[in-house]
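Student: Could you take me through the empty spaces in this model, with the sheets and helices around them? I would like a close look at the pockets and the cavity, with the cut-offs behind each term.

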Amino acid sequence: MSIRKACVVGHPISHSRSPLIHGYWLKTYGLEGSYGREDIAPVDFKTFIATRFRETYVGANVTLPHKEEIFKLVDQTLPRAQKLKAANTIWFENGKLIADNTDSFGFLANLDQLASGWDRNLKKAVVLGAGGASASIIAALMERGTNEIVLVNRSEDKARAMAERFPDAPINVQFFEDMNTALDQADVLVNTTSLGMVGQPDLEIDLQALPTSALVTDIVYVPLETTLLKNARIRGNKIVDGLGMLLHQARPGFERWFGKAPEVTDELRRLIEDDIVKAQKK
Ligand code: ATR
């Protein structure tokens, strides 16, 4: 059999750390296979999937700007990807090309690994932001039976639109000005905005109303410890950084393409952490 090949397809793509993650797993498990990058502009995406992708690859990660466009080009999109209006992983099954979204899985697996028991008796979760990443976090929190999700966003229309996408979810929309009410009695606080990322403004919120028993996590992972996480740690909250979500969301694809369920180890984390530090020095 020829070597199994997978890739990440996006535009631009040079910043993607997926090749480092999948390359590490291929090497660690001694598997014959490869994982590369494909920089494909939107105008060429349809042809790429229909021709070179189908001829060359067993599957791929799909990233910006193709995460929704891919729906039109596969044979089947799994319901959770449809719900999130984005897919990030594709593979062949009995000759059919399938698209799924593994972001909610990545978010949950990261917390399960680093804050085991975090979802026991989960009453109230506060989600900051109503962009693409917010939807996958809301879906994940729903999956774990959260009683109440407080969605805090700068613009009201985007927050309401997000809440409408989840008619079965107990979502209560609030604003940054009402942070004390939002954080009161919260069990979990998640930042899904890009604030706090290198090159973006910091996320400076007053955490005084947040119980110190609450878990605080961020989807931003450059820097690893954002200002939000640092402030939460200093006042005694348990924190989990966003790097693990990136690592865990890669697991289902790797298993589909290469037939081995990979693990997120300390060694893999260190490898990516070193790469982040290296990139910041450039
Ligand atoms: P997407 O994830 O879909 O690409 P985005 O435009 O990157 O979306 O925005 C993600 C989230 O970050 C949004 O909730 C956005 O708030 P708005 O809905 O009000 O635009 C939030 N965000 C981005 N910059 C922000 C800022 N300076 N202050 C507050 N929220 C901000």
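Tutor: Here is a walk through the pockets, then the cavity, then the two sheets.

Happy to help, and a word on the ground rules comes first. This is a predicted model, in which local features need pLDDT of at least 70 and side-chain atom pairs count only at pLDDT 80 or more, while totals for chains, interfaces and linings use all residues. Residues are numbered from 1 along each chain as its sequence is written, and side-chain values use heavy atoms, with hydrogens and water left out.

The search for space runs on a 1 Å grid over the protein atoms alone: a cavity is a set of points where a 1.4 Å probe fits but cannot get out, and a pocket is an open set with protein on both sides within 12 Å along at least five of seven lines. Lining residues have an atom within 4 Å of a point. Grid points are joined across faces, edges and corners, and a volume is the space filled by probe spheres set on the points.

The largest pocket holds about 1700 Å³ of space. Its lining counts 47 residues, and those nearest the centre are Leu64, Lys67, Ala133, Met197 and Ile219. Two or more lining residues come from each of strand E3 (59–62) and the helices H5 (132–143), H6 (156–165), H9 (243–249) and H11 (266–281); helices (H or I, at least four residues) and strands (E, at least two) are DSSP runs, numbered from the N terminus. By chemistry, the lining splits into 20 nonpolar, 19 polar and eight charged residues. Here Ala, Val, Leu, Ile, Met, Phe, Trp, Tyr, Cys and Pro count as nonpolar, Asp, Glu, Lys and Arg as charged, and the others, Gly among them, as polar.

The second largest pocket has about 280 Å³ of space. It is lined by 17 residues, with Arg80, Asp100, Asn101, Ser104 and Phe105 closest to its centre. Helix H3 (79–84), strand E5 (89–93), helix H4 (103–114), H5 and helix H10 (251–258) each give two or more residues to this lining. The lining of the second largest pocket divides into seven nonpolar, five polar and five charged residues.

Now for the enclosed space. The structure has one cavity of 30 Å³ or more, and about 30 Å³ of space lies in it. Around the largest cavity stand Phe107, Asn110, Leu111, Thr217, Asp218, Ile219, Gly242 and Met245. H4 and strand E11 (215–218) each supply two or more of these residues, and H4 gives the largest share, three residues. Four lining residues are nonpolar, three polar and one charged. Ile219 links two of these spaces: it lines the cavity and also lies among the residues nearest the centre of the largest pocket.

H4 and E11 lead us to a sheet. Six strands form an open sheet in the order E9-E8-E7-E10-E11-E12, with parallel pairing; two strands pair if DSSP finds at least two bridges between them. Its edge strands, which pair on one side only, are E9 (171–174) and E12 (238–240). Neighbouring strands are turned by 20° against each other on average, direction ignored. E11 and E12 run parallel and are joined by three bridges, with Leu215 opposite Lys238 in E12. H4 packs on this sheet, touching E10 (188–191), E11 and E12, and its direction makes about 135° with that of E12. Contact means heavy atoms within 4.5 Å, while axes are lines fitted to C-alpha atoms, for helices over the stretch in contact, with angles from 0 to 180 degrees between N-to-C directions. Helix H8 (227–234) also lies across E10, E11 and E12, at about 165° to E11.

E3 and E5, met at the two pockets, belong to another open sheet of six strands, ordered E2-E1-E3-E5-E6-E4 with mixed pairing. E2 (33–39) and E4 are its edges, each pairing on one side only. E1 (4–10) and E2 pair in the parallel sense over seven bridges, and Tyr35 of E2 is the bridge partner of Ala6. Five of the seven residues of E1 are buried, so this strand is largely enclosed by the rest of the structure; buried means under 20% relative accessible area, exposed over 50%, partly exposed in between (1.4 Å probe, protein chains only). Helix H1 (18–28) lies across E1, E2 and E3, running at about 170° to E2.
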